[in-house]
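I opened this model to make notes on its pockets, on one helix residue and on some backbone details. The entries follow in the order in which I looked things up.

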Amino acid sequence: MAVEIPPLLRPSRLRSRAGLGGECMAEFLGTLVLIAFGCGSVAMTVAALPGSGRTSGPTTFFLGAADWLVIGWGWAFAVAFGVYVAGGVSGAHINPAVTLAFAVRRKFPWAKVVPYWIAQVAGAFVGAALVYAVYHDAINTFDSVSKPPKTHGHTLATFSIFATFPAPYFHGGYWGPLVDQIVGTAFLVMLIAAVIDLRNMAVKANLGPLVIGFVVAAIGISFGANAGYAINPARDFGPRLFTFFAGWGDLALPGSLAGSFSHYWWIPIVGPLIGGVVGVLVYDLFIGDVLHMRARQGELPEPGRARPAEEGET
């Protein structure tokens, strides 16, 4: 904005926010926005729309594959707006996998990694609590009219509003969901690296968050059904921790449902952390190193060209 906006607090109280403290506050709020809109879109699909009479029954959702797009685009907007909120202060990682990958290959200070992680998980926890506060009537109504199995009165469907679990065709195995999370997060971080790389065909700064949102939509559309495409340890663990305290019990922690899966909680944490590092390494190996060498040789080509144009070439 063109006009100066006065601070809410006195400058003497703001000094601590100019550094890591302010960055963590931005990560907290950005991740809160991410979860509020992302989990909010799932709450709309699973509980609110059926309960409001906008589907054919009080527990009817996902009548067709295209219904997945509500959630896919909900998370896309959630990521874009979360990045717009926090980007100018902290870089808007809003994802521990991104923070770790940037520490490994983008000179992000290692001393900031754990504080960022704590802020991200806390923001995700509060975001989940906010969604529950808004939708608890719809959630409780859905659970009350749903058929068993139930855990402390709650269903797996309403748990899916907040956290992830593997598809039945994995038969409770770990390797399939773990590979899924590694691959999905590798694509996420690889594409983020491409979008923000000024040596490459980087988008304008103000469009970066929107394009990153499109990346999340693409991953959800292409890889979402296997394990709910958490691709973000904070996005899963913060809401999972909230649902544990809110009554979902073993479904949340340790992440178990008799006959379906058990002790699943660590998969959406370990998989994305591995995948994020893999993604940034793959990008740098195949693209970043090439751009680096061309820049040193003074041979950065026009975008779209494989080599510099020769004289007279069009």
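Entry 1. Is Thr 31 buried or exposed? Before answering I note that I am working from a predicted model, and every value below is computed from it. I find Thr 31 in helix 2, and I call Thr 31 buried because its relative accessible area is 0%, where buried means under 20%.

I then looked up what surrounds this residue. Setting aside the neighbours within four places in sequence, I find Thr 31 in contact with Ile 94, Gln 120, Gly 123 and Ala 124. I also checked Val 126, which is 95 residues from Thr 31 in sequence, yet the two C-alpha atoms are 9.2 Å apart in space.

Entry 2. I turned next to the largest pocket, for which I read a volume of about 570 Å³. Its lining is made up of 32 residues, and those closest to the centre are Val 83, Gly 91, Ala 92, Ile 192 and Ile 212. Which helix supplies the largest share of this lining? I find that it is helix 3, with 5 residues, while the elements that each supply at least two residues are helix 3 (68–90), helix 4 (96–105), helix 7 (175–196) and helix 8 (208–223). Sorting the lining by class, I note 23 nonpolar, 7 polar and 2 charged residues.

Entry 3. For the second largest pocket I read a volume of about 390 Å³. I find 22 residues lining this pocket, with Phe 62, Trp 68, Ser 160, Phe 165 and Gly 228 nearest its centre. Two or more lining residues come from helix 2 (20–51) and from helix 3, and helix 3 gives the most, with 3 residues. The class count that I wrote down for this lining is 16 nonpolar, 5 polar and 1 charged. Going back over both pockets, I see that helix 3 is the main contributor to the lining of the largest pocket and also to that of the second largest pocket.

Entry 4. I went through the peptide bonds and noted two that are cis. Pro 148 and Pro 149 are joined by a cis bond with omega of about 10°, and I place Pro 149 in the loop between helix 5 (113–145) and helix 6 (156–159). The bond from Leu 253 to Pro 254 is likewise cis, with omega near 15°, and Pro 254 sits in the loop between helix 9 (233–248) and helix 10 (267–296).

Entry 5. Last, I looked up residues other than glycine with a positive phi. Lys 107 has a phi of about 60° and is found in the loop between helix 4 and helix 5. Tyr 229 has a phi near 40° and lies in the loop between helix 8 and helix 9. Which of the terms buried and exposed applies to Lys 107, and which to Tyr 229? I record Lys 107 as exposed because its relative accessible area is 82%, and exposed means over 50%. I record Tyr 229 as buried, because its relative accessible area is 6% and the cut-off for buried is under 20%.

Technical notes: Residues numbered from 1 in each chain as written. Predicted model: local features only at pLDDT ≥ 70, side-chain atom pairs only at ≥ 80, totals over all residues. Heavy atoms only, no water. 1 Å grid on protein atoms, 1.4 Å probe; cavity = no way out; pocket = protein on both sides within 12 Å on 5 of 7 lines; lining within 4 Å. Points joined across faces, edges and corners; volume = space filled by probe spheres on them. Helix = DSSP H or I, 4+ residues; strand = E, 2+ residues; numbered from the N terminus. Nonpolar A, V, L, I, M, F, W, Y, C, P; charged D, E, K, R; others polar. Buried < 20%, exposed > 50% of the residue type's maximum accessible area, 1.4 Å probe, protein only. Contact = heavy atoms within 4.5 Å.
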